[in-house]
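Grab a pencil and open the structure viewer. Below are a few exercises, each with a solution worked in steps.

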Amino acid sequence: MTSARRTSYGVKGAPYAFLLPATILFALFFALPIGYAIWLSLHKVQVKGLGLGSGARQEVWAGLENYTDALSDSEFLDGALRVLGYGAIVVPVMLGLALVLALMLDSDKVRLAPFTRLAIFLPYAVPGVVAALLWGFLYLPDVSPFYFVLDKLGLPQPDLLDGGGLYAALSNIAIWGGTGFNMIVIYTSLQAIPAEVYEAAKLDGATPLQIALRVKIPMVAPSLVLTFFFSIIATLQVFSEPTTLKPLTNSVSTTWSPLMKVYVDAFGKGDIHGAAAGAVVIALATLVVSFGFLRAANFRNRRDVSEGAAR
C-alpha cells in the first residue's frame, strides 16, 4: 500500500517536476525584473542640500508621480506618435507580403520551393543591428550603389534619411527582416490544410484564385492573428533600427521612439526611476493593444461559429 501511494504521488508530481526549471527561469528572468521595474517606478531619489555626503540622496516613495511625468512628457508622446505612423506602414505591408508569398509557395505550379522558402526566410536570420547597418549604408548617397545607378540614368535621387522618406527607410528594414518569419508561419498553416478540402473545392468548379480567397485565407486566419499579434509587439518596441541609423542622419533624434526615450532617461540622464515608469507604460500599452486585438479576433470567431451553426 505504501509503495502504491508513493507511485501515485510520484505520478502526480511528475508534471510539476518538469515545470519547475521553466518556472524558476521565468521567475528569475521575467517576473522578478518586471516586479523590480514596477518598484523603481513608484520611487524617486530625493536630494538634500548639495547632494553630497552620506544620506544626502535618499530613495523615497513617489506614488504615480513618475507615471504622470512620463505621460505628460512631450518627447515621449511624440515618439509614440512616430511609432504609430511607423507601425501603420510596417504591419499591413509586411503581413500582406508574407501572405502573398506563402500562397505562392503553396501553389502546385511553384518550382524550387525549398530554395525560395529559404531565400525569403534568410533575412530574418540577420540580426536587426546588422540589417540596419547594411541598409543604412545603402541609403547614403555617397556610398550607395542604388544612388550611383540613379545618377547614371539621370533619375531623381530621393533622400531616404530625411523627412517623410525616413519612415519608408525604417519600415523597409523591418519589412525586409520580418516578412520571412511571418511567411513561414502562414505557409506552415497552409501545409496543414487537408488535401480533401482542395479537391472538394475543385470539384465545385473553384478556380485557384477562388480557392486562395475563399478556402486558404479563411483557414489560416488563426496564423494571421498570431503574426499580427507578434508584429504589433515588435512595432511598439522598435529600438534597434532608429538607434543604428541615428549616426547616419540628423533626422533621427535620441528620443525617436518611446523605448529610445527610456534608454536616454536611464543611461543618459541617470533617471532610472523615470525610465522604469516609461518602460512600464510601454509594456502596459503593448499589453492593452495586443490583448484587445486578441479579444476582438476571438469575438469575431465565436460570432462566425454561432452564425454558421444557426444556418
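The exercises deal with salt bridges, a helix pair and a loop residue.

Before you start: this is a predicted model, where local features need pLDDT of at least 70, side-chain atom pairs count only at pLDDT 80 or more, and totals for chains, interfaces and linings use all residues. Residues are numbered from 1 along each chain as its sequence is written, and side-chain values use heavy atoms, with hydrogens and water left out.

**Exercise 1.** Work out which parts lysine 44 and glutamate 65 tie together.

*Solution.*
- Start with the rule: a salt bridge is a side-chain nitrogen of Lys or Arg within 4 Å of a carboxyl oxygen of Asp or Glu.
- Lysine 44 and glutamate 65 pair up this way, at 3.0 Å from N to O.
- Now place them: lysine 44 sits in strand S1 (residues 43–47) and glutamate 65 in helix H2 (residues 65–71), so the bridge links parts 21 residues apart in sequence. Helices (H or I, at least four residues) and strands (E, at least two) are DSSP runs, numbered from the N terminus.
- Check the cover: buried means under 20% relative accessible area, exposed over 50%, and partly exposed in between (1.4 Å probe, protein chains only). Lysine 44 is partly exposed because its value is 28%, and glutamate 65 is partly exposed at 35%.

**Exercise 2.** Trace the salt bridges of lysine 261, and say whether lysine 261 is buried or exposed.

*Solution.*
- One partner is aspartate 73, at 2.9 Å from N to O. Lysine 261 belongs to helix H12 and aspartate 73 to the loop between H2 and helix H3 (74–105), so this pair ties together parts 188 residues apart in sequence.
- Another partner is aspartate 265, at 2.8 Å from N to O. Both residues lie in H12, 4 residues apart, about one turn of the helix.
- Shared partners join Asp73, Lys261, Asp265 and Lys269 into one network.
- Lysine 261 is buried, with a relative accessible area of 4%, while aspartate 73 is partly exposed at 22%.

**Exercise 3.** Classify how H9 and H10 are set to each other.

*Solution.*
- Helix H9 (residues 208–219) and helix H10 (residues 221–236) pack at about 55°, with axes 4 Å apart.
- Angles under 35 degrees count as roughly parallel, over 145 as roughly antiparallel, 65 to 115 as roughly perpendicular and the rest as oblique. H9 and H10 are therefore oblique.

**Exercise 4.** Find where leucine 140 sits and what leucine 140 touches.

*Solution.*
- Look in the loop between helix H5 (128–139) and helix H6 (145–153).
- Leaving out residues up to four places away in sequence, leucine 140 touches Tyr147, Leu161 and Leu248 (contact means heavy atoms within 4.5 Å).

Terms used: Axes fitted to C-alpha atoms, helices over the stretch in contact; angles between N-to-C directions.
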